[in-house]
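Please open the structure in your viewer and keep the selection tool at hand. The tour proceeds by selections, each followed by a short account of what is found there.

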Amino acid sequence: MHKILMLGTLLFGTIASAQAAAADTLTVAQLLEYQNIAWIIWGGVLVFFMQAGFALLESGSVRAKNAVNVMMKNYTDMCIGGLAFYLVGFGLMMGTNHSGFVGTDHFMPVNLSNMDWALMFFQMMFAATAVTIASGAMAERVSFIGYAVAACLICLFIYPVFASWVWGGYFGGSGWLAELGFIDFAGSTVVHSIGGWLALAGILVIGPRLGRFAPDGTPRLIAGHNMTLLALGGFILWFGWFGFNAGSTLSITGNIGLIAVNTFIAAVSAVVSYMLIARTMSKAILLSDSVNASLIGLVSITAGCATTTPVFAVVIGAIASVVYILSTQALLKLKIDDVVSAVAVHGFGGAWGTLAAGLFYTGDLFNLSRLGVQALGVGVALAWGLGLGLVMYKLIDLSFGLKASRLHEQRGLDYTEHAELGYPEFQKQMFDAKSLTERHL
């Protein structure tokens, strides 16, 4: 009897172990979901790293006396904007959207699935990208507090509402532009043009830097202090862009190989095109313009990276460099001071890329009906981003103050806004060390 009991116990334990092992075995669908979640998170991490690219590029593009200020804006607008997006922006963008205009639920969520949390993380990184575009354009003469308030409002309302028109309705419904067939796979318009038009609004309100234009309107060069940082920032942005575009498949089974190739091809085509144009015009081939050419190529392919072919990616990138040259020259003639050419790269580049996504749609090239929808989306983004941006920045200027004082601009925002110096060994003789110390205590 004792042996029978032992045999029964052993048999029961074996059966229980087998059942537990069976329960722990994942189905193919579950494995695929976990892989997709990992892919989305990895893509989001790459987009997060782009924030470092923006910070380095912008810091290298300004004078040494403003290096800390630019870094501070890039570091904190992500924090302020990320919190605002979690509290309100995610719901406005991705919540149930039966009206086609705005999400109505999932504000400050606390109970989502693993996939939903991954998607939220990915969209947070996109919001951070959109909000930081204005930082470089407005550099060297914008109040830190005014800029911070704007970052909050952009991620709280301006960016997510427009994004809901294109990508909204994740939990039900869809955006009105999406219903029309608007194509913007990874955000040439949703992220980049909106960020570019907001940057344009900001620099229109605060005006140019002191000495940027002569009395007759002739532009004067104000050189950045570190081209190495600028180039490193460009490399990091390019690196992160593969997550930006390929990660937008939200699935590891998507056409991520084609997307990655198109992303790379458009960028290199834009740089080569810029170099040929500069050489033909007997102009210097500048590092700063080469980096910006690669960026406008990346911005331009973002809308159609999943729906075009590498041959047309070459065309999109080549034309993007022309858009960059023409738009930067036009802004200078209008005496609009954009320190890092953010409006040209992101605003105009995003507009061109969105139109190109309609023109070079695989299997249905040059469809004028689709092009009309794309043009409508471009126009709506311009009206929304520039219009609301002008109102927002003007109200901030009247309340908190948006433009730094002339004295602060002359002394440098590192000292006046943050009581820190990016290069103290070279700058400390310009300022009172006792005053700096007191502001830290």
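A search of the whole structure finds zero disulfides, a disulfide being a pair of cysteine sulfur atoms within 2.5 Å. The model is a predicted one, in which local features need pLDDT of at least 70 and side-chain atom pairs count only at pLDDT 80 or more, while totals for chains, interfaces and linings use all residues. Residues are numbered from 1 along each chain as its sequence is written, and side-chain values use heavy atoms, with hydrogens and water left out.

**Cysteines.** Select C79 and C155. C79 is in no disulfide, and the nearest cysteine sulfur, that of C155, is 11 Å away. Is C305 buried or exposed? C305 is buried, because its relative accessible area is 0%, and buried means under 20%, exposed over 50% and partly exposed in between (1.4 Å probe, protein chains only). C79, by contrast, is partly exposed, at 42% relative accessibility.

**S341.** Next, select S341, in the loop between α11 (310–333) and α12 (342–359). Helices here are DSSP runs of H or I with at least four residues, strands are runs of E with at least two, and both are numbered from the N terminus. S341 counts as buried because its relative accessibility is 14%. Add N292, Y324 and T328: leaving aside neighbours within four places in sequence, S341 is in contact with these residues, contact meaning heavy atoms within 4.5 Å. Then add A199, which is 142 residues from S341 in sequence but 9.8 Å away in space, C-alpha to C-alpha.

**The largest pocket.** Y324 also leads to the next stop. Select it with L221, L286, S288 and D289: of the 35 residues that line the largest pocket, these five lie nearest its centre. A pocket is an open set of points on a 1 Å grid over the protein atoms alone, where a 1.4 Å probe fits, with protein on both sides within 12 Å along at least five of seven lines; lining residues have an atom within 4 Å of a point. The volume of the largest pocket is about 1000 Å³, a volume being the space filled by probe spheres set on the points, which are joined across faces, edges and corners. Now select α11, which gives the most to this lining, with six residues.

**The second largest pocket.** Finally, select M94, L119, F122, Q123, F126, V166, W167, F185, S248 and L250, which line the second largest pocket. The elements giving two or more residues to this lining are α4 (114–137) and α5 (144–167). The largest share, four residues, comes from α4. This pocket holds about 180 Å³ of space.
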